[in-house]
Amino acid sequence: MTTRTEAARNGPGPEAAGGGDRVTIPVSGMTCAACSGRVQRALSKQAGVKEAAVNLMLGNATVSFDPAATSPDALVETVRATGYGAELPRPERTAFDEQADRDRAQEEEFRELSLKAGVSIVAAAVAMAASMPLMAADAHGGHGATVDPFMRWVMGWLSPLLERAMPWLYAVPGPVLSYGLLALTAGVMGWAGRHFYTRAWAAFRHHAADMNTLVALGTGAAFLYSVAATVAPGFFVARGVAPDIYYEAVVFIIALVLAGNALEARAKGQTSAALRALANLRPETARVLRDGVEVELPTEEVRHGDVLAVRPGERVPVDGEVVTGGSAVDESMLTGESVPVRKGPGDRVIGGTINRTGAFRYRATTLGADSVLSRIVKLMRDAQGSRAPIQRLADRISAVFVPVVISIAIATFVVWFVAADSAPGVRAFAAAVAVLIIACPCAMGLAVPTAVMVATGKGAEAGVLVKGGEALQRARDVDTVVLDKTGTVTEGRPTVTELALAPGARGEVVASEEELLRLTASVEAQSEHPLADAVVQHASARGIVPAHAESFEAVTGRGAVGVVEGRAVAIGNARLMEDYAVRTDPLRADAERLAEQAKTPMYVAVDGRLAGLVAVSDPIRAGSREAIARMKRMGLEVVMLTGDNRRTAEAVAREAGVDRVVAEVLPEGKVAEVARLQGEGRTVAMVGDGINDAPALARADVGVAIGTGSDVAMEASDVTLMRGDLDGVASAIELSRRTMRTMKQNLFWAFVYNVVGIPVAAGVLYPAFGMLLSPVLASAAMAFSSVSVVTNSLRLRGIRLA
Amino acid sequence: MNTADVMVVVAGIAAIAWVNFYFFVGGRTPARSAAALGGVQEVTVVVRGGYEPAHVRVTRGAPVRLVFDRQETSGCSEEVVLPDFGIRRFLPAHRKTAVEFTPDRAGSYDFTCGMSMLRGRITVVDRKEGES
């Protein structure tokens, strides 16, 4: 079995294969083996190409190449140079195209089915009217009529009215009516119901059976029986069997099944409404600056680095970074954030969002498959294609369902034939047909996938991207939420709030606070730690230019050391100071006070002597407190993990409302911590920004990446929150709980429907209650059981996630 | 029980036996091995009321391309699902749609239509076995 990550790469486009990359390029214009040979030779000769295979039948070239030596674009150019057309597959185009194809097919299907259903219903009414005089005659011991008990009851009630309205109909001879019905029914079966028979036959040839098999068998048998009764009634009468006909039942069954299928097609189309909405977000054209002039170009032709102009009210065509101007941009369609976000120079804008107030120009950064919108569409398509484990049982039943139902129908016929006192053949036949008609495998097949479709779409609308059915199912069982402090509970943008010299350090260890900051920033400039970044930012804000630090070393979980202008500088926590035998006593009280205020104090030592203290504060995100309270109300235990010192961590936890804190965790320790909680029998959701917690996200039962942070996080996580705040975590779990409930309702209904419906149709209630199910009612039940399952899934669209 | 009853019982049992044999046992078709094209193993599967071939044999570790040639408009076959590879793909009617994946473990994997009514099987064999 392939891994998830590999599966995620399965779309067209470049993919990694054994150290190199592989790409499939559609090539057009090749008509013969000589053409494909030429393209193949040209590609093989290209530097960096390891292997090229051109397929004439499929019209494409599959190339393995070394990404360092060549690129997919270069390969396309090579193909074009041979005189054939080539274009790189654009997964996001194909995702959009596929959606359009699907919509077209669904719309077409709906139109066709509803037309056929409409005509069939009219035909059914006509057939019923024509059957009534026959039935009335039957009552006087003449020609046979319907045996469908429901139809008999309805027609018995309607017949006197009809006789008064259209007395001439009752004067038509019986055989004329029966032959007329025969022709009408054959017409309906041959036109409206045609696909039931052709598809059932096609499946049969493959030793397969589906819903069409059941409908075709049921209506086909009823029709053939009626034809025999029409053509040779004497044969039946001679054997003491009434020559009954079922024409109107056949037409009714076809009409009702078609009507059900039409409704189902419409409802199924609605399950992917959210994906369709996303696919339609990208504008067709973009206004690009070329040689200082604004040119309107198709969005696909925008290149990396192009500068684009966006006016108020327009959609942002591609992802990029604002160069000039500023505006408020409505990102709600991607992030679920209802308040427009202010954008100025340097800020990132996302393709598909709507520019509200101002005009701005921006530089295109990520395009095509890498753009945020494409990634979301791809993620959602993959999610909707995935299966929830809960579906396995339904799958196993579906696989054997139809042959088993046919077997039950045959057994029903046999039992009725042997056991019935009067008219055994007719009763046996009606019951067998009812069994075939009522059985509905579709409801079972639709129960889980439609819920996954609607739920992933609903999540995406709220900025919660769930990776698939399995993640959705696992999230339901989450009882513990682990939050990584930095960038999750807090903003993740720390700033320096305090800078103090150690008592007696001025002039002795460092000249001034500026000097302290300069030395610190010089070392921190080489560090990638977010706290280090805060120090460097602070220094540059004060106009201090950092010097070059030699022998830089980051000490994981403690701090960093380096040599600046011949002076040994160490910045970090108390443990780092201990390592260098630096006494921290003079500043310890200050450090503790700062930690109590949820700030992170860092000691600075120069040449082995304590120089001062830098405190950095990372404010708690707006909304973290409410989101954590919501999780607790949902019965979830919230745990906060951080590499920070205990005091600071506890202060942050107090402010955010977190009860359980695990502080001073090294990055590697996060995985162990998640594993430890799992060891306690908990189902853990790990929430992080994914920058240094990707392994922990992967280890957790449900990994939640917050913000659009990093690709690694998106890859490793089960849920990606497009919005920065923590509320999405609770929303994801809520969504999962609701979806699982819907899936269970659907499966329950689909199972119970068949488990109850089939025996009733077979007549198990007859001995006790004299109850027999009419095939026509069975067809109505069957048609609407699958519609009800899809409709139940669609109810998920209405849930409130906020 | 009269003669007619006995005949119906016998015929019924025979019919049930036949139905089960036909759908469950008779449906097993021999596997078709994929053709290797430049390192990609490719098989074209015709979709028309079922999958032809319904059983495909491929080698582990090398990329596989299944080209589904859907020659009908039946709603049943509009999607193909390879649950073990996380793939669900819409198949436009009367068109060929390629599905690609790389099996990295030997074994037997199903591919089905969107509602698991139509079934096919992919047998992944180890390299050696595949070459022989």
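Which residues do ring pairs link into a cluster? I began my notebook with that, and I kept in mind that I was looking at a predicted model.

**Entry 1: the ring cluster**
I found that ring pairs join A:Trp201 and A:Phe204 with B:Trp18, B:Tyr22 and B:Phe23 in a cluster. Residues from chain A and from chain B both appear in that list, which sent me on to look up how the two chains meet.

**Entry 2: where chain A meets chain B**
I looked up the contacts next and noted 59 residues of chain A touching 61 residues of chain B. The size of an interface is often given as the accessible area lost when the parts come together. For chain A and chain B I wrote down a buried area of about 5,100 Å². Carbon and sulfur atoms give 58% of that area.

I then asked which element of chain A gives the largest share of the side that touches chain B. That turned out to be helix H15 (residues 391-419) of chain A, with 14 residues. Sorting the residues on this side of chain A by kind, I got 27 nonpolar, 15 polar and 17 charged.

How many salt bridges does the rule find across the interface of chain A and chain B? I noted 0, although 17 residues on the chain A side are charged. For polar contacts between the two chains, I have 4 residue pairs in my notes, counted with both residues at pLDDT 80 or more.

**Entry 3: chain B by itself**
I turned to chain B and looked up its make-up: 2 helices and 11 strands. Along the sequence the pattern reads α-β-β-β-β-β-β-β-β-β-β-β-α, so I could picture a helix at either end of the pattern with the strands between.

Chain B has 132 residues, and 52% of them count as buried. I also checked how far apart in sequence its contacts reach. Among contacts in chain B with a separation of 6 or more, 53% are between residues 24 or more positions apart.

**Entry 4: one aromatic pair up close**
Over all chains I have a count of 19 aromatic pairs. I picked out B:Tyr51 and B:Phe68, an edge-to-face pair with 6.1 Å centre to centre and 70° between the planes. B:Tyr51 sits in strand E4 (residues 51-52) of chain B and B:Phe68 in strand E6 (residues 64-70) of chain B, so this pair ties together parts 17 residues apart in sequence.

Are the two partners buried or exposed? B:Tyr51 is buried, at a relative accessible area of 2%, and B:Phe68 is buried too, at 0%.

Key
Residues are numbered from 1 along each chain as its sequence is written. Chains are lettered from A and ligands numbered from 1 in the order in which they are written. This is a predicted model: local features need pLDDT of at least 70, side-chain atom pairs count only at pLDDT 80 or more; totals for chains, interfaces and linings use all residues. Side-chain values use heavy atoms; hydrogens and water are left out. Contact means heavy atoms within 4.5 Å. Buried area is the accessible area (1.4 Å probe) that two parts lose on being put together, summed over both. A salt bridge is a side-chain nitrogen of Lys or Arg within 4 Å of a carboxyl oxygen of Asp or Glu. A polar contact is a pair of N or O atoms within 3.5 Å; within protein, one must be able to donate a hydrogen and the other to accept it, and residues adjacent in sequence count only if both atoms are side-chain atoms. Helices (H or I, at least four residues) and strands (E, at least two) are DSSP runs, numbered from the N terminus. Ala, Val, Leu, Ile, Met, Phe, Trp, Tyr, Cys and Pro count as nonpolar, Asp, Glu, Lys and Arg as charged, and the others, Gly among them, as polar. Rings of Phe, Tyr and Trp (its six-membered ring) pair if their centres lie within 6.5 Å; planes under 30 degrees apart count as stacked, over 60 as edge-to-face and the rest as tilted. Buried means under 20% relative accessible area, exposed over 50%, partly exposed in between (1.4 Å probe, protein chains only).
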